[in-house]
Amino acid sequence: MARSTRVLALLGLLGGGLHLDAEAQASQRPPDAAAHHELVLERFTLEGGTVLPQAKLVYGTYGRLSPARDNAILLPSHYMADHHGYDWLIGPGRALDTARVFLVMTELFGNGHSSSPSNTPEPFHGPRFPIVTIRDNVAAVHRLLVDELKIAHLKAIIGFSMGAQQAFQWAVSYPDFADRIVATSGTAKSYPHGFVRLEGQIAALTADSAFLNGEYTEQPRKGMEAFAVVWTAWLFSQEWWRRGLWRELAPSATSFEQVMDNFRKNFIPGADANNLILQIRTWEKHDVGTTPGFGGDVEKALRSIRVPVLYMPSETDLYFPLEDARYESRFIPHVSLVPIPSLWGHPAGAGLAPADLAFLNQRIAAFLR
């Protein structure tokens with residue numbers, strides 16, 4: 001299968017596991033390149049109390065900010081993604097036309113570009129990098145918007161997966177900052193079953209003797225491959241695998257075994273093991289109920305959301321099950337629960353299949369109007 005850098009841009013969690021053919025790549029690509037930026041936050045205090053002397057926040061922008069600064073939409077990144085993770089939503093005829101809106105796409109701490117275990121000097125290098133929460137990421141982006149970009153209000157916040165976690169946290173922490181919230185394939189809290197899944201992936205990675213408690217000098221290859229296999233088992237639905245729908249992603253693949261080998265060996269090319277673990281810890285700890293003032297009560301936190309929410313779980317997501325979304329939607333005052341009718345599991349929320357891409361763009365565009 002031909003290698004493609006577009007896969008990581010399309011879907012950070014999928015990494016290099018399967019590669020889109022040229023036509024599929026072109027269908028996902030927006031017409032204009034994003035502008036790349038970095039912001040350094042001096043003495044940034046994390047929720048756990050650790051102070052990072054310099055916290056780097058990487059982000060990208062599309063379009064132009066209006067003179068009134070009132071046309072901005074935030075798209076926070078998902079697991080190990082960069083600021084190209086929402087290209088599938090951008091362009092003429094799609095939900096986000098940069099002729100009309102200004103897009104800010106931020107990168108989570110721990111992705112290897114923003115401050116991460118791999119790029120932070122001592123005393124916080126590698127396994128000594130502190131745990132970062134979704135609220136820490138939201139607080140950093142709030143500073144970016146308000147202090148750096150002088151944006152006091154957003155038209156919308158749109159998030160997929162860990163981006164959806166951030167979108168829900170924005171709605172609770174800053175209830176009047178955005179007019180609308182869109183969350184696809186992600187919940188407002190990480191529930192125990194998801195925690196167990198994530199711990200299984202960490203266990204697979206760290207069982208490699210080359211991991212050396214995070215003090216490795218070379219990436220623990222066998223552990224990374226084991227991590228990738230465990231991750232892949234949960235990525236798509238069981239029906240997706242039974243029907244052989246992987247052929248639609250990798251039409252040049254000749255066998256199931258070839259697909260599995262590619263997932264195993266090419267999962268998120270260039271990823272760092274400590275970065276993978278750090279972002280999993282961020283994922284695990286997410287809970288809007290632990291926002292100050294809510295006493296750990298997720299239902300109370302969800303009831304506090306003031307703005308309209310378009311909640312789009314995938315019907316076959318094994319990461320964030322549909323029933324979790326149905327449970328949470330009972331407490332959100334102005335919610336539209338619109339499940340994505342797909343066999344593509346978690347990636348349905350990022351429009352990986354053409355039908356899902358069309359469904360998401362249509363529903364999100366209508367909601368924003």
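How many salt bridges does the count come to? In this predicted model, the count comes to 14 salt bridges. The principle behind such pairs is a simple one: side chains of opposite charge can pair when their charged atoms come close. The overall architecture is described below, followed by three of the individual bridges, the empty spaces of the model, and two individual residues.

The secondary structure of the protein consists of 13 helices and eight strands. Along its principal axes, the C-alpha trace spans about 55 × 45 × 40 Å. A compact globule with 369 residues would have a radius of gyration near 21 Å, and the value of 19 Å found for the protein agrees with this expectation. Of the 369 residues, 59% are buried. The contacts within the protein also link distant parts of the sequence: among those between residues at least 6 apart in sequence, 75% join residues at least 24 apart.

The first bridge to be described belongs to helix α6, which covers residues 221-235 and contains both glutamate 225 and arginine 221. The side chains of these two residues meet in a salt bridge, with an N to O distance of 3.3 Å. The partners are four residues apart, which corresponds to about one turn of the helix. Their surroundings are unlike in exposure. Glutamate 225 has a relative accessibility of 16% and therefore counts as buried, the limit being under 20%. Arginine 221, by contrast, has a relative accessible area of 51% and is exposed, because exposed residues are those over 50%.

A second bridge lies in helix α9 (residues 256-265), where lysine 265 and aspartate 261 are likewise found four residues apart, about one turn of the helix. The closest N and O atoms of lysine 265 and aspartate 261 are 3.5 Å apart. Lysine 265 counts as exposed at 52% relative accessibility, whereas aspartate 261 counts as partly exposed at 29%.

Helix α10 (residues 273-284) holds a third pair, arginine 281 and glutamate 284, separated by three residues, again about one turn of the helix. The N to O distance in the salt bridge between the side chains of arginine 281 and glutamate 284 is 3.1 Å. Arginine 281 is partly exposed, with a relative accessibility of 25%, while glutamate 284 is buried, with a value of 8%. Elsewhere, salt bridges that share partners join Glu122, Arg128 and Glu215 into one network.

Attention now turns to empty space within the model. Rolling a probe the size of a water molecule over the atoms shows where empty space is left. The count comes to two cavities of 30 Å³ or more, and the largest cavity contains about 40 Å³ of space. The residues that line the largest cavity are Ile157, Trp170, Ala171, Tyr174, Pro175, Phe177, Ala178, Ile181 and Val307. By class, this lining has nine nonpolar residues, with no polar and no charged residues.

The largest pocket holds about 270 Å³ of space. Its lining is made up of 14 residues, and those nearest the centre of the pocket are Ala95, Val101, Lys155, Leu368 and Arg369. The lining of the largest pocket divides into seven nonpolar and seven charged residues, with no polar ones.

One of the residues lining the largest cavity, tryptophan 170, may be considered in its own right. Tryptophan 170 lies in helix α4, which covers residues 162-173. At 1% relative accessibility, tryptophan 170 counts as buried. Leaving aside neighbours within four places in sequence, tryptophan 170 is in contact with Leu74, Val138, Val141, His142, Leu145, Ile157, Pro175 and Phe177. Among these contacts, Ile157, Pro175 and Phe177 also appear in the lining of the largest cavity. Tryptophan 170 and isoleucine 305 are 135 residues apart in sequence, yet the distance between their C-alpha atoms is 9.4 Å.

Aspartate 97 is placed in the loop between β3 (72-76) and β4 (102-106). At 14% relative accessibility, aspartate 97 counts as buried. Apart from neighbours within four places in sequence, aspartate 97 is in contact with Gly91 and Pro92.

Terms used. Residues are numbered from 1 along each chain as its sequence is written. This is a predicted model: local features need pLDDT of at least 70, side-chain atom pairs count only at pLDDT 80 or more; totals for chains, interfaces and linings use all residues. Side-chain values use heavy atoms; hydrogens and water are left out. A salt bridge is a side-chain nitrogen of Lys or Arg within 4 Å of a carboxyl oxygen of Asp or Glu. Helices (H or I, at least four residues) and strands (E, at least two) are DSSP runs, numbered from the N terminus. Buried means under 20% relative accessible area, exposed over 50%, partly exposed in between (1.4 Å probe, protein chains only). On a 1 Å grid over the protein atoms alone, a cavity is a set of points where a 1.4 Å probe fits but cannot get out, and a pocket is an open set with protein on both sides within 12 Å along at least five of seven lines; lining residues have an atom within 4 Å of a point. Grid points are joined across faces, edges and corners, and a volume is the space filled by probe spheres set on the points. Ala, Val, Leu, Ile, Met, Phe, Trp, Tyr, Cys and Pro count as nonpolar, Asp, Glu, Lys and Arg as charged, and the others, Gly among them, as polar. The radius of gyration is taken over C-alpha atoms; the globule rule is 2.2 Å times the number of residues to the power 0.38. Contact means heavy atoms within 4.5 Å.
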